[in-house]
Amino acid sequence: MSKVEIYTWEYCPYCIRAKKLLNKKNIDFIEYKIDGDEVAREKMIRRSNGKSTVPQIFINNINIGGCDELHYLENQNKLDGLINK
């Protein structure tokens, strides 16, 4: 099973939507809540090559983007293939 990580803000609707999809698919993930944590936010920005919006989602240490990209992968039937590598 792949390692899935997601950087979030507590009340971000896109973060909530992304986590809802992951939970619906029973995909285990590590959540980094970065509300008010500038050190964690800077780490996320470095890991995502400068992207500062949340959520930022990583599968096996590869940044796939945010909520829209996650749902795009699901709609293209590609998410399961990435997760099950």
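Is Cys15 buried or exposed? Select Cys15 in this predicted model, and you will find that the residue is buried, with a relative accessible area of 0%. Add Cys12 to the selection, which is likewise listed as buried, here with a relative accessible area of 8%. With both cysteines displayed, bear in mind that the structure holds zero disulfides.

**The sheet**

Next, colour the strands and look at how they are arranged: four of them form an open sheet in the order β2-β1-β3-β4, and the pairing within this sheet is mixed. Because β2 and β4 (62-65) stand at the edges and have a single partner strand each, one side of each is left without a neighbour in the sheet. If you turn the view to look along the sheet, the twist to look for is an average of 25° between neighbouring strands, with direction ignored.

Now go through the strand pairs one at a time, beginning with β1 (residues 4-8) and β2 (residues 30-33), which are parallel and are joined by four bridges. To place yourself in this pair, select Thr8, whose bridge partner in β2 is Lys33. On to β3 (residues 56-59), which runs antiparallel to β1 and is connected with it by four bridges; here a useful landmark is Ile6, which has Ile57 of β3 opposite. The remaining pair, β3 with β4, is antiparallel and has three bridges, and in this pair Ile59 has Ile62 of β4 as its bridge partner.

**The helices on the sheet**

Bring helix α1 (residues 13-24) into view together with β1 and β2, since these three elements make a right-handed β-α-β unit. The same helix, α1, packs on the sheet, where it touches β1, β2 and β3, and its direction makes about 160° with that of β1. Then select helix α3 (residues 67-75), which lies across β3 and β4 and runs at about 90° to β4.

**Tyr32, in an edge strand**

Which residues does Tyr32 touch, if those up to four places away in sequence are not counted? Select Tyr32, a residue of strand β2, and display its surroundings: the residues in contact are Glu5, Ile6, Tyr7, Thr8 and Arg47. Among these, Glu5 deserves a closer view, for its side chain makes a polar contact of 2.7 Å with the side chain of Tyr32. Tyr32 has a relative accessibility of 27%, and because the partly exposed class begins where the buried class, under 20%, ends and runs up to 50%, the residue counts as partly exposed. For a further distance to draw in the viewer, join the C-alpha atoms of Tyr32 and Met44, which are 9.2 Å apart in space and 12 residues apart in sequence.

**Ser2, before the first strand**

Move to Ser2, in the segment before β1, which counts as buried at 8% relative accessibility. Beyond residues up to four places away in sequence, Ser2 touches Ile59, Asn60, Leu82, Ile83, Asn84 and Lys85. Two polar links can be drawn from its side chain: one goes to the side chain of Asn60, at 3.0 Å, and another reaches the backbone oxygen of Ile83, at 2.7 Å.

**Backbone details**

The last stops concern the backbone, and the background for them is that most residues other than glycine have a negative phi, while most peptide bonds are trans. From Ser2, follow the contact to Asn60, which is found in the loop between β3 and β4 and counts as partly exposed at 33% relative accessibility. Although it is not a glycine, Asn60 has a positive phi of about 50°, a value taken in the hairpin of β3 and β4, which has two residues between the strands.

Which other asparagine on this tour has a positive phi, here near 55°? Select Asn49, which has that value and is a residue other than glycine; Asn49 lies in the loop between α2 and β3, and at 73% relative accessibility it counts as exposed.

Finally, stay in the loop between α2 (38-47) and β3 and select Pro55, which is found there. The peptide bond joining Val54 and Pro55 is cis, with omega at about -5°.

Notes: Residues are numbered from 1 along each chain as its sequence is written. This is a predicted model: local features need pLDDT of at least 70, side-chain atom pairs count only at pLDDT 80 or more; totals for chains, interfaces and linings use all residues. Side-chain values use heavy atoms; hydrogens and water are left out. A disulfide is a pair of cysteine sulfur atoms within 2.5 Å. Buried means under 20% relative accessible area, exposed over 50%, partly exposed in between (1.4 Å probe, protein chains only). Two strands pair if DSSP finds at least two bridges between them. A crossover is right-handed if, with the strands pointing away from the viewer, the path from the first strand over the helix to the second runs clockwise. Axes are lines fitted to C-alpha atoms, for helices over the stretch in contact, and angles run from 0 to 180 degrees between N-to-C directions. Contact means heavy atoms within 4.5 Å. A polar contact is a pair of N or O atoms within 3.5 Å; within protein, one must be able to donate a hydrogen and the other to accept it, and residues adjacent in sequence count only if both atoms are side-chain atoms.
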